[in-house]
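Biologist: Please take one part of this model and look at it closely, explaining what surrounds it and then following the chain outward from there. I am a first-year student, so I would be glad of a careful and connected account.

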Amino acid sequence: MSQPRQTVAAGIFSRQPPPLCSFLFIIVLIVATFYTLHHPYSTPHLFSPNSPNTLRRLFLSSASNATVSSYLRSLTRHPHLAGTKPSSDTLNYVLTHFQSLKLDTRISQYEALLSYPTHTSVTARFSNNTTIELNLNDVVSSSSDVVTPYHAYSPSGSAYGNVIFVNHGEERDYHALESLGVSVGGCLVLVRKGESLGRGVVVKIAETKGALGVLIYDEKDGGGLGGIERGTVMRGIGDPVSPGWPGVVGGEKLSVDDERVSKRFPKIPSLPLSRHNAEIILASLGGVRAPGEWGTGRVGSSQRVGPGRTVVNMTLQGEMKMKKIHNVVVTIRGSEEPDRYVCLGNHRDAWTYGAVDPNSGTSALLDIGRRFALLLESGWRPRRSILLCSWDAEEFGMIGSTEWVEEHVLNLGASAVAYLNVDCAVQGSGFFAGATPQLDNVLLDALKLVQDPDDVELTVEETFKSQNNIIQRLSRVDSDFSGFLHHGGIPSIDMYYGADYPVYHTAFDSFDWMIRNADPLFHRHVAMAGIWGILAIILADEPVLPFDYNSYAEQLQEHRDTLSKLLEGKVSVDPLSVAIQELSLVAKEVTDEAKKLKEEAYRKNDVATAAKRRELNDRMMLAERGFLDSEGIKGKEWFKHLVYGPAAEPESKLGFFPGIADAIATNSSEGSIKHEIWRVTRAIQRASKALKGGFS
């Protein structure tokens, strides 16, 4: 078994962790050694590459939670914001790890416009003429190298005025205020983080309402630690100065004054606040009482929304710099279909220490690489190629993965089997996943093979079902799967443990927090690495790709039914019905064909049979591309997927068919809604024809 690379880590990260963290880490290593979820791998050269069950067992048995914990400890010794020196150290750690395993490891480099703060301040003057300057840091030490809480790409400047509390900052919240006679024009707005809107959308809406600036706080308060959530407010994803093409070194870059660039940045400044500071401001507000439906969390029915006599002055000075960012890409070459790729990806950069986000996932990826190296040494070669990808600058807007997808979009379109994403591998308890529907069953099959980290008598699949968890769909844009699915049409899965966690993007997302709260013995890390790796092995090794388009057709039928209820018969969805029925028929034919070829795969492997498998696999692989439309989603044209993609309108009520959802949300004409229905209809028809093959 490979040993934890503590000597490498010590050479790269020289600063020692705090004494308590170090002590707890020693305890974790001792306990984890004796309570490892799977036995360390110790029996090389004992399996045949043609024995998939043995291979999968050996992959799972080579796990070591002590090893994973050592990776995470090394990765989180320093904050490593993209574009900074500590980020380069983290890059070297990941690069050295894969190279030491003798894996084909390369760096993919880009230039991107990143945003950093130089000065932030918020001062409040109250009705009694007292003035206080709010503390905008969530760390005690002023010498800490943790970046001060800020919103990346927020414009520099000051905003001065009265404050209005606008709840979650949604359109309906502003409508509620308007009904009470409250206008936010010429004021600052105070927003408590909600579940439905990202911070960039919150700022955009406030801007349209005439607000001068935005202050956002999270009631979770970093789990009571006083944490402040950092994040980006840029619209869209990818490098803003190379929109739609890869930001390669020496390539074309637009000016920040170019309309294509400037439209992605807010026009008003915004800053994050701690809950404590937000409550100081809330307590000083006058005006009418908050609407009754806002009385959740710590905001009671007696809360005033403002304005009052309190005046706030917020200032943000920042700088945008062109920085080189680096993806690490490992290639494990396939033995029979080296030109077909199963991609695993996780981002590496973090706002602070990044124990949960993203380095719980990075640790799992490093361990998968270690285990794959052991299998390779034992004679295994995957049928198809596998890529292990470590992305940079995700926190600024999925920049590393987006630039890579844009650079390789044609090759990916022709050869990518699936993309398997893990961002925050472990946030807490309970397995969660999102996927494109044809991957539902293979995901459940993988879960059946992995022991549940919290109940040794059960598999992850059994606990997943017992908790009534469902596989979500991937219309959201919050991690690196977006470029692959929404722009490239590549079947995708996104997975994580834990629904949420309170120290998100704060200075308390540390190794110490992980071992105290989310995964003390790293059993959940081991389980996630097991699921992730097994999925890759199945998709890379099965002679016939285990895609199920019956599941896709059934899901589309459910989407159609939901849409029909929403439209209440005002617009016909018959074109969708016909297209989905056609896809269902083709899916059944393909299922029968796949079953026959799978049975033949282990009985004969002649050239003709292999050619039939290859042709069928290509059809199943390419069908997802059919859901792409060259015109993209109106208002978000880079996003091409018409079934799963981000709606341009915040008030859109569907988690699918984004173009249709936007047309309904904007009260578009019946003709416009009908046109969007036909666009989706044609996309489904394209997918059906790709799945069926030929030109009939």
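Modeller: The part I have chosen is helix 12, whose buried residues are covered by elements that include strand 1 (104-125), strand 9 (311-332), strand 11 (384-391), helix 13 (409-415) and helix 16 (481-487). Please keep in mind throughout that this is a predicted model.

Helix 12 runs over residues 399-407, and it is largely enclosed by the rest of the structure because eight of its nine residues are buried. The buried ones are Ile399, Gly400, Ser401, Thr402, Glu403, Trp404, Val405 and Glu406.

Just ahead of the helix comes the loop between strand 11 and helix 12, and this is where alanine 393 is found. Its phi is near 55°, which is a positive value in a residue other than glycine. Alanine 393 has a relative accessible area of 0%, and it therefore counts as buried. A useful partner for thinking about this is asparagine 468, which also is not a glycine and has a positive phi of about 55°. Asparagine 468 lies in the loop between helix 15 and helix 16, and it counts as exposed because its relative accessibility is 66%, where the cut-off for exposed is over 50%.

Strand 1, one of the elements that cover helix 12, gives us another residue to examine, since threonine 123 is found in that strand. Threonine 123 counts as partly exposed because its relative accessibility is 24%, which falls between the cut-offs for buried, under 20%, and exposed, over 50%. If we leave out residues up to four places away in sequence, threonine 123 touches Thr131, Ile132, Glu133, Val311, Val312 and Asn313. Threonine 123 and threonine 463 make a pair that is 340 residues apart in sequence, and their C-alpha atoms lie 50 Å apart in space.

Strand 9 is also part of the cover of helix 12, and the loop between helix 10 (275-283) and strand 9 holds proline 307. The peptide bond from glycine 306 to proline 307 is cis, with omega near -5°. A cis peptide bond also joins aspartate 357 to proline 358, this time with omega near 10°, and proline 358 lies in the loop between strand 10 (337-347) and helix 11 (359-377).

Helix 11 contains isoleucine 368, which counts as buried because its relative accessible area is 0%. Setting aside its neighbours within four places in sequence, isoleucine 368 is in contact with Phe59, Leu344, Leu388, Ala529, Trp532 and Gly533. The C-alpha atoms of isoleucine 368 and serine 74 are separated by 17 Å, although the two residues are 294 apart along the chain.

It is worth setting a second helix beside helix 12. In helix 14 (residues 440-448), the buried residues are Asp440, Val442, Leu443, Leu444, Ala446 and Leu447, and among the elements that cover them are strand 13 (431-435), helix 15 (460-466), strand 14 (492-497), helix 18 (523-541) and helix 19 (549-567).

What does the record say about this stretch of chain? UniProt, in an unreviewed entry, lists residues 327-512 as "domain: Peptidase M28". Over residues 327-512 the chain is 32% helix and 25% strand, and its end C-alpha atoms are 27 Å apart.

Turning to the cysteines, the count of disulfides comes to zero. Cysteine 424, for example, is in no disulfide, as the nearest cysteine sulfur, that of cysteine 389, is 18 Å away. Cysteine 424 counts as buried because its relative accessibility is 8%, and cysteine 187 likewise counts as buried because its value is 9%.

Lastly, we can look for enclosed space, and a search of the whole structure finds three cavities of 30 Å³ or more. The largest cavity holds about 70 Å³ of space, and strand 6 (213-217) and strand 8 (270-273) are the elements that give two or more residues to its lining. That lining includes His151, Lys193, Arg199, Asp218 and Glu229, and its residues divide into five nonpolar, two polar and four charged.

Technical notes. Residues numbered from 1 in each chain as written. Predicted model: local features only at pLDDT ≥ 70, side-chain atom pairs only at ≥ 80, totals over all residues. Heavy atoms only, no water. 1 Å grid on protein atoms, 1.4 Å probe; cavity = no way out; pocket = protein on both sides within 12 Å on 5 of 7 lines; lining within 4 Å. Points joined across faces, edges and corners; volume = space filled by probe spheres on them. Helix = DSSP H or I, 4+ residues; strand = E, 2+ residues; numbered from the N terminus. Nonpolar A, V, L, I, M, F, W, Y, C, P; charged D, E, K, R; others polar. UniProt positions renumbered as here; feature names shortened; annotations may be inferred. Buried < 20%, exposed > 50% of the residue type's maximum accessible area, 1.4 Å probe, protein only. Contact = heavy atoms within 4.5 Å. Disulfide = S-S within 2.5 Å.
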